[in-house]
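Visitor: Please take me closely through one part of this model, and connect that part to what surrounds it.

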Amino acid sequence: MSRTILLIEDNEQNRYLVTFLLERSGYQVVSVEDGRRGIEMARTCAPSLILLDIQLPTMDGYEVARALRQQTPLRTTPIVAVTSYAMPGDREKALEAGCTGYLEKPIDPETFVADVERFHARSAPEGSSP
Ligand code: MN
């Protein structure tokens, strides 16, 4: 399995932290600042997992997830929503949009990589729960 993770996140501090934590654990991280670039990059970098911020400029994460799922090679790629939204229903919205699961911000550096790896072990876009 490839160890490339695509990170779609507009916040520079979060990009820095996530990239640092994953690279330290041996992953290659490709990060982009918005959904449009994320969709383009997903075509070329063959990610084994996608981390997707929900609050993004222009296209929100739900739209991005739907667009990613329409790309055949990404049908079964784990897409993990990473969002500070903690409202009931947001998790369901993320799953409906095609996300595999959901991690909450703020990111906990102690557990983040292990949390991501739980999703890495899966490939089904639906029918799973963390
Ligand atoms: Mn954001």
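Guide: A contact here means heavy atoms within 4.5 Å, and the model we are looking at is a predicted one. With that in mind, let us begin at threonine 4, which is found in strand 1. Leaving aside residues up to four places away in sequence, threonine 4 touches Gln28, Val30, Cys45, Ala46, Pro47, Ser48 and Leu49. Its relative accessible area is 10%, and because buried means under 20%, threonine 4 counts as buried.

Strand 1 belongs to an open sheet of five strands, arranged in the order 2-1-3-4-5 with parallel pairing. The edges are formed by strand 2 (28–32) and strand 5 (101–104), each of which pairs on one side only, and the twist from one strand to the next averages 20°. Strand 1, covering residues 4–8, pairs with strand 3, residues 49–53, in the parallel sense over four bridges; within these strands, leucine 7 stands opposite leucine 51. Helix 1 (residues 12–24) packs on the sheet, where it touches strand 1, strand 2 and strand 3, and its direction makes about 165° with that of strand 2. Helix 3 (residues 61–69) also packs on the sheet, touching strand 1, strand 3 and strand 4 (79–83), with its direction at about 155° to that of strand 3.

Following the chain onward from strand 1 brings us to glutamate 9, whose side chain meets that of lysine 105 in a salt bridge, at 3.0 Å from N to O. This pair links distant parts of the chain, 96 residues apart: glutamate 9 sits in the loop between strand 1 and helix 1, and lysine 105 in the loop between strand 5 and helix 5 (112–120). Glutamate 9 is buried, at 4% relative accessibility, and lysine 105 is buried too, at 15%. The linkage extends further, since Glu9, Asp53 and Lys105 are joined in a network of salt bridges.

Asp53 leads in turn to the manganese ion, which is coordinated by Asp10 (OD), Asp53 (OD) and Gln55 (O) at 2.0 to 2.2 Å. Along the chain, these donors follow the spacing D-x42-D-x1-Q. Aspartate 53 is buried, with 3% relative accessibility, whereas glutamine 55 is partly exposed, with a relative accessible area of 39%.

Conventions
Residues numbered from 1 in each chain as written. Predicted model: local features only at pLDDT ≥ 70, side-chain atom pairs only at ≥ 80, totals over all residues. Heavy atoms only, no water. Donors = N, O, S within 2.8 Å, 3.2 Å for Na, K, Ca; no water. Buried < 20%, exposed > 50% of the residue type's maximum accessible area, 1.4 Å probe, protein only. Pairing = 2+ DSSP bridges. Helix = DSSP H or I, 4+ residues; strand = E, 2+ residues; numbered from the N terminus. Axes fitted to C-alpha atoms, helices over the stretch in contact; angles between N-to-C directions. Salt bridge = Lys/Arg side-chain N within 4 Å of Asp/Glu carboxyl O.
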